[in-house]
Amino acid sequence: MYQRPPLPPFYRDSAIKKVRLAEDGWNNRSPEKVSLAYSIDSSWRNRSEFVTGREAIVQFLTRKWAKELVYRLIKELWAFNENRIAVRFAYEWHDDNGDWFRSYGNENWEFNPDGLMQRRYASINDLPIRETDRRYHWPLGRRPDNHPGLSQLDL
């Protein structure tokens, strides 16, 4: 069976690592690669959309990143227990009109014993921002280790 470490039960360090691995995957914006972190029958609620299964996740992420351009994300551990992790996050992006947004949210994750996410519940709000108000300026891809996180940015 395919495993995706770190595996539950989570401890502080392993939960922080799991959150950073998820952030790194999403910042690389490869729907197929990101989908491998989820169980075959993974169930999501993302805003008002319900998604079930890896193929649906790939389709969802393909649509998302076609709309949310120049996407950069920061996730931060909020809480954890056994096989569950809660995170808060913020990401910046612009639409095809060049209008910028910062999207804030919270996610609740549940993992199977192999470390694959089997449930993801996301609540997200979009805030229009001016391009000059952006705070994420690293090159597209993984956030550099020395870039401030959400708490350091006071987000």
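Visitor: Let's start with β3 and β4: over how many bridges do they pair?

Guide: Strands here are DSSP runs (E, at least two residues) and helices likewise (H or I, at least four), numbered from the N terminus; two strands pair if DSSP finds at least two bridges between them. β3 and β4 run in the antiparallel sense, and Ile74 stands opposite Ala90 in β4. The number of bridges between β3 and β4 is 10.

Visitor: Before we go on, what kind of model is this?

Guide: It's a predicted one, where local features need pLDDT of at least 70 and side-chain atom pairs count only at pLDDT 80 or more, while totals for chains, interfaces and linings use all residues. Residues are numbered from 1 along each chain as its sequence is written, side-chain values use heavy atoms, with hydrogens and water left out, and the kind of model is, again, predicted.

Visitor: Which strands sit at the edges of the sheet?

Guide: Six strands make up an open sheet with mixed pairing, and the order reads β2-β1-β6-β5-β4-β3. An edge strand pairs on one side only. That gives you β2 (49–52) and β3.

Visitor: What angle does the direction of α3 make with that of β1?

Guide: Start with α1, which packs on the sheet and touches β1, β3, β4, β5 and β6, its direction at about 165° to that of β3. Axes are lines fitted to C-alpha atoms, for helices over the stretch in contact, and the angles between N-to-C directions run from 0 to 180 degrees. α3 packs on the sheet too, touching β1, β2, β3 and β4. Its angle with β1 is about 45°.

Visitor: Which element gives the largest share of the largest nonpolar core?

Guide: A nonpolar core is a set of buried Ala, Val, Leu, Ile, Met, Phe, Trp, Tyr and Cys residues joined through side-chain atoms within 4.5 Å. The largest one has 27 residues, and among those with the most contacts inside it are Trp26, Leu61 and Ile85. Elements giving two or more residues include α1, α3 (54–67) and β5 (100–111). The largest share, five residues, comes from β4.

Visitor: Is Val87 buried or exposed?

Guide: Val87 lies in strand β4. Leaving aside neighbours within four places in sequence, it has contacts (heavy atoms within 4.5 Å) with Val19, Glu76, Leu77, Trp78, Gly105, Asn106, Glu107 and Trp109. Its relative accessible area is 2%, and the cut-offs are under 20% for buried, over 50% for exposed and partly exposed in between, with a 1.4 Å probe and protein chains only. So Val87 is buried.

Visitor: How many aromatic pairs does a search of the whole structure find, and how is the Trp26 and Trp44 pair classed?

Guide: Rings of Phe, Tyr and Trp (its six-membered ring) pair if their centres lie within 6.5 Å; planes under 30 degrees apart count as stacked, over 60 as edge-to-face and the rest as tilted. The whole structure yields 11 such pairs. Because the Trp26 and Trp44 rings have centres 6.0 Å apart and planes at 25°, that pair is stacked.

Visitor: Where do Trp26 and Trp44 lie?

Guide: The pair links distant parts of the chain, 18 residues apart. Trp26 is buried at 4% relative accessible area, and Trp44 is buried at 1%. Trp26 lies in helix α1 and Trp44 in strand β1.

Visitor: And how is the ring pair of Trp109 and Phe111 classed?

Guide: Both Trp109 and Phe111 are buried. Their ring centres are 6.0 Å apart with planes at 85°, so the class is edge-to-face.

Visitor: How many salt bridges are there?

Guide: Side chains of opposite charge can pair when their charged atoms come close. The rule here is a side-chain nitrogen of Lys or Arg within 4 Å of a carboxyl oxygen of Asp or Glu. Glu110 and Arg119 fit, at 2.4 Å from N to O. The full count is 16.

Visitor: How many residues apart in sequence are the parts tied together by Asp145 and Arg20?

Guide: Arg20 is buried at 17% relative accessibility and bridges to Glu23, with the closest N and O atoms 3.8 Å apart; the two are three residues apart in helix α1 (12–28), about one helical turn. Arg20 has another bridge at 3.7 Å, to Asp145. Asp145 lies in the segment after β6 (117–129) and Arg20 in helix α1, so the separation of the parts they tie together, in residues, is 125.
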